[in-house]
Amino acid sequence: QVQLVESGGGLVQPGGSLRLSCAASGSIGSIYDMGWYRQAPGKQRELVARITSGSTPNYADSVKGRFTISRDNTKSTMYLQMNTLKPEDTAVYYCNVKSTNLGRSYDYWGQGTQVTVSS
């Protein structure tokens with residue numbers, strides 16, 4: 001059974017920082033793409049950042065220059081360093097992992113972690 005465990009969310013003041021982690025475990029196969037998405041109340045889930053197996057990142061325009069995505073393939077773990085946080089970054093953040101196993105592709109989601117930016 002595959003599990004994605006997210007951690008690092010919480011309440012932070014505007015301008016502050018948080019670091020999210022997403023650890024994958026179980027028979028997940030070969031991970032080739034990882035990403036962070038977020039969903040604010042009343043809004044659709046949106047891409048925040050993705051990172052390829054070769055560690056090439058891609059960011060939403062709204063977080064460029066403030067967020068940094070990274071991964072540790074030896075630990076099947078992904079991180080999201082969030083700096084200069086704004087109230088509009090408030091959302092539930094979800095990690096997503098795409099992998100292949102025995103010739104099939106899989107798409108896994110974490111349970112979500114709440115990030116609240118407020119004074």
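**Close-up views of an all-strand chain**

Buried residues make up 41% of the 119 residues in this chain, where buried means under 20% relative accessible area, exposed means over 50% and partly exposed lies in between (1.4 Å probe, protein chains only). The model is predicted, so local features need pLDDT of at least 70 and side-chain atom pairs count only at pLDDT 80 or more, while totals for chains, interfaces and linings use all residues. Residues are numbered from 1 along each chain as its sequence is written, and side-chain values use heavy atoms, with hydrogens and water left out.

**The whole chain: eleven strands and zero helices.** Helices (H or I, at least four residues) and strands (E, at least two) are DSSP runs, numbered from the N terminus. The C-alpha trace spans about 50 × 25 × 25 Å along its principal axes. The radius of gyration of the chain is 14 Å, which agrees with the value near 14 Å that a compact globule of 119 residues would have; this radius is taken over C-alpha atoms, and the globule rule is 2.2 Å times the number of residues to the power 0.38. Contact here means heavy atoms within 4.5 Å. Of the contacts between residues at least 6 apart in sequence, 55% join residues at least 24 apart.

**The core: 30 residues make up the largest nonpolar core.** Trp36, Leu80, Met82 and Tyr93 touch the most other members of this core. Strands that give two or more residues to the core include E3 (18–25), E4 (30–39), E5 (46–52) and E9 (91–101). A nonpolar core is a set of buried Ala, Val, Leu, Ile, Met, Phe, Trp, Tyr and Cys residues joined through side-chain atoms within 4.5 Å. In soluble globular proteins, nonpolar side chains tend to be buried together.

**Around Met82: a core residue and its neighbours.** Beyond the four nearest places in sequence, Met82 is in contact with Gly16, Ser17, Leu18, Leu20, Arg66, Phe67, Tyr93 and Val115.

**Around Arg66: a buried arginine in a loop.** Look for Arg66 between strand E6 (57–59) and E7. Arg66 counts as buried because its relative accessible area is 10%. Leaving out residues up to four places away in sequence, Arg66 touches Gln81, Met82, Asn83, Thr84, Leu85, Lys86 and Asp89.

**Two loops: positive phi at Ser76 and at Leu102.** Ser76 sits in the loop between E7 and E8, with a positive phi of about 50 degrees although this residue is not a glycine. Its relative accessibility of 22% is why Ser76 counts as partly exposed. Leu102, also not a glycine, has a positive phi near 55 degrees and lies in the loop between E9 and strand E10 (104–109). At 83% relative accessibility, Leu102 counts as exposed.

**Around Thr100: a meeting of residues far apart in sequence.** Thr100 belongs to strand E9 and, at 31% relative accessibility, counts as partly exposed. Although 70 residues separate Thr100 and Ser30 in sequence, the two are 5.2 Å apart in space, C-alpha to C-alpha. Not counting residues up to four places away in sequence, Thr100 touches Ile28, Gly29, Ser30, Tyr32 and Ser105.
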